[in-house]
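Here are a few exercises to work through with the model open beside you. Try each task before you read its solution.

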Amino acid sequence: MKFLFDLFPVILFFAVFKWGESNAATAQDIGQNYLSSFISGGQVTLTQAPILLATAIAIIATIVQIGYLLARKKKVEGTLWMSFAIITVFGGATIYFHNESFIKWKPTVLYWCFAAVLLFSKMFWNKNLIRSMMEKQMTLPEPIWHRVNLSWVAFFITMGLLNLYVAFNFSTASWVNFKLFGGMGLMFAFIIAQSLMLSKYMKEPQ
């Protein structure tokens, strides 16, 4: 359930964009009615409507996520606050300037922020965040923990670069598909590959 909760804004972004592509005129009307006051020039074109609506819904979905957790007095993780800040800035710029390039940068900025947090936490505070999350499930020698941390840093940097390649070399529709299915698939593949390599260190249930 947590996995679906975390993906909630991405799934809604994908669904609204796909709906907007198939119902461009209706999407344009909705965008004109609800987004025109937030847009420079105040006009939503037929081609811009799907991505602008999807971006607005993703921002709202992230706000709903945070509001839900706060209402239930649950901790809002730092990664969610980071995602909220980035999607608000880049999504807001996408809507205001009616330019999809900003929202296409959002995943890359988020991936690179994750990489920077993991790397700088170790470099400046000697804190391995991956170890903090995983040490209850396995016991690793310190050099292996260091390699695991660096492997996640490299993965997030690579994902950021890959997102930019797809975003600016393929159609927006292809990028939206990659954002959900490609990103999720590569994340699963990386986790499975790492789990197989570290399986010998897994703690047996008592």
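**Exercise 1. How far apart are W81 and F84 in helix α4, in helical turns?**

Solution. Start with the sequence: W81 and F84 sit 3 residues apart in helix α4, so about one helical turn separates them. Keep in mind that this is a predicted model.

Next, look at the rings. A pair of aromatic rings is described by the distance of the centres and the angle of the planes. For W81 and F84 the centres are 6.4 Å apart and the planes stand at 75°. Planes over 60 degrees apart count as edge-to-face, so W81 and F84 make an edge-to-face pair.

Last, check the cover. W81 has a relative accessible area of 40%, which means it is partly exposed. F84 comes out at 24%, and it is partly exposed too, because buried would need a value under 20%.

**Exercise 2. Classify the ring pair of Y96 and F97, and say how exposed each residue is.**

Solution. Take the geometry to begin with: the ring centres of Y96 and F97 are 4.9 Å apart, with the planes at 85°, so this pair is edge-to-face. Then turn to accessibility. Y96 has a relative accessible area of 43% and is partly exposed. F97, at 45%, also counts as partly exposed.

Now step back to the whole protein, where the count is 17 aromatic pairs. Ring pairs also build a cluster, made up of Y111, F114, W152, F155, F156 and F190.

**Exercise 3. Which helices line the largest pocket, and what sort of residues do they bring?**

Solution. Begin with the volume: the largest pocket holds about 1900 Å³. Its lining has 50 residues, and K2, D6, T79, F114 and M187 lie nearest the centre. F114 also belongs to the aromatic cluster.

Now assign the lining to elements. Those giving two or more residues are α1 (2-22), α3 (49-71), α4 (78-96), α5 (101-125), α6 (129-134), α7 (142-169) and α8 (172-198). The biggest share comes from α8, with 11 residues.

Finally, sort by class: 34 of the lining residues are nonpolar, 9 are polar and 7 are charged.

**Exercise 4. Do the same for the second largest pocket: where is its centre, and which helix gives the most?**

Solution. This pocket has about 240 Å³ of space. It is lined by 15 residues, with L35, A56, I57, I60 and I95 closest to the centre. The elements that supply two or more of the lining residues are α1, α2 (24-35), α3 and α4. Of these, α3 gives the most, with 6 residues.

The class tally is 14 nonpolar, 1 polar and no charged residues. Set that beside the largest pocket, where 7 charged residues are part of the lining.

**Exercise 5. Which loops hold K73 and N126, and are these residues buried or exposed?**

Solution. Recall the background: most residues other than glycine have a negative phi. K73 goes against that with a phi near 55°, and N126 does likewise with a phi near 50°.

Then place them. K73 is in the loop between α3 and α4, while N126 is in the loop between α5 and α6. For the cover, K73 has a relative accessible area of 79%, so it is exposed. N126 reaches 58%, which also makes it exposed.

**Exercise 6. How far is G41 from H98, in sequence and in space?**

Solution. Find G41 in the loop between α2 and α3. With a relative accessible area of 70%, it is exposed. Along the chain, G41 and H98 are 57 residues apart, yet their C-alpha atoms are 9.2 Å from each other.

That pair leads on to the overall fold. Among contacts with a separation of 6 or more, 65% join residues 24 or more positions apart.

**Exercise 7. Describe the whole protein: how many helices and strands does it have, and how much of it is buried?**

Solution. Count the elements: there are 8 helices and 0 strands, in the order α-α-α-α-α-α-α-α along the sequence. Then gauge the extent: the C-alpha atoms fill a box of roughly 60 × 40 × 35 Å along the principal axes.

For burial, 40% of the 206 residues count as buried. The exposed surface is about 11800 Å², and carbon and sulfur atoms supply 69% of it.

Conventions:
Residues numbered from 1 in each chain as written. Predicted model: local features only at pLDDT ≥ 70, side-chain atom pairs only at ≥ 80, totals over all residues. Heavy atoms only, no water. 1 Å grid on protein atoms, 1.4 Å probe; cavity = no way out; pocket = protein on both sides within 12 Å on 5 of 7 lines; lining within 4 Å. Points joined across faces, edges and corners; volume = space filled by probe spheres on them. Helix = DSSP H or I, 4+ residues; strand = E, 2+ residues; numbered from the N terminus. Nonpolar A, V, L, I, M, F, W, Y, C, P; charged D, E, K, R; others polar. Buried < 20%, exposed > 50% of the residue type's maximum accessible area, 1.4 Å probe, protein only. Contact = heavy atoms within 4.5 Å. Areas by Shrake-Rupley, 256 points an atom, 1.4 Å probe, with all protein chains shown as cover. Phe/Tyr/Trp six-rings, centres within 6.5 Å; stacked < 30°, edge-to-face > 60°.
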